[in-house]
Amino acid sequence: QVQLVESGGGLVQAGGSLRLSCAASGRTFSRYLVGWFRQAPGKEREFVACISRNGDSTYYADSVKGRFTISRDDAQNTVYLQMNSLKPEDTAVYYCAARYTREYSGSYYRNRNEYDYWGQGTQVTVSS
């Protein structure tokens, strides 16, 4: 069982940066692949990025590639999403999610139905 809590959202101007954090409970966090998703008003929840158990493999949606960076610190039971060069279209509620996986690296999951645990979300608003 994993409980996830996101933080770090806020209001930022276009071109600015934010770093989101996803803090997890439990001693076995290192067994989980972790992803970030986002949901804008009136839209479906969409995949943003994910990171493998050992942190060696990362995968990004095309819309954020080159601007966002996902990382993890298992000693702190935390996954981060560094967001640079933010655009108004990045405005959304951002969620982190986790799923147990046997693979240490090399796998990725883009479908929200593939994740078992979710946080409550944090709002990111980018003004133009």
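Which side chain does the side chain of R38 make a polar contact with at 2.9 Å? I opened the predicted model to find out.

**R38.** I found R38 in strand β4, which covers residues 32–39. R38 counts as buried because its relative accessibility is 6%, and the cut-off for buried is under 20%. The partner I was after is D90: its side chain makes a polar contact with the side chain of R38 at 2.9 Å. I also noted a polar contact of 2.9 Å between the side chains of R38 and Y94. Skipping residues up to four places away in sequence, I listed what R38 touches, including E44, E46, F68, E89, D90 and Y94.

**R99.** Next I went to R99, in strand β9 (residues 92–100). R99 is buried but has no salt bridge. How far away is the nearest side chain of opposite charge? That is E114, at 5.0 Å. What the side chain of R99 does reach is the backbone oxygen of E114, at 2.9 Å. Leaving out neighbours within four places in sequence, I have R99 in contact with R31, Y32, L33, Y109, E114, Y115 and D116.

**Core.** Then I looked up the largest nonpolar core, which has 37 residues. W36, L81, M83 and Y94 have the most contacts inside it. Strands β3, β4, β5, β7, β8, β9 and β11 each supply at least two residues of this core. I picked L81 for a closer look: beyond its neighbours within four places in sequence, L81 is in contact with W36 and Y94, among others. Its other contacts include L18, L20, V48, F68 and I70. Y94 is therefore on my list twice, as a core residue and as a polar partner of R38.

Terms used. Residues numbered from 1 in each chain as written. Predicted model: local features only at pLDDT ≥ 70, side-chain atom pairs only at ≥ 80, totals over all residues. Heavy atoms only, no water. Helix = DSSP H or I, 4+ residues; strand = E, 2+ residues; numbered from the N terminus. Buried < 20%, exposed > 50% of the residue type's maximum accessible area, 1.4 Å probe, protein only. Lys, Arg positive; Asp, Glu negative; His and termini not counted. Salt bridge = Lys/Arg side-chain N within 4 Å of Asp/Glu carboxyl O. Polar contact = N/O pair within 3.5 Å; in protein donor to acceptor, adjacent residues only side chain to side chain. Contact = heavy atoms within 4.5 Å. Core = buried A, V, L, I, M, F, W, Y, C linked by side-chain atoms within 4.5 Å.
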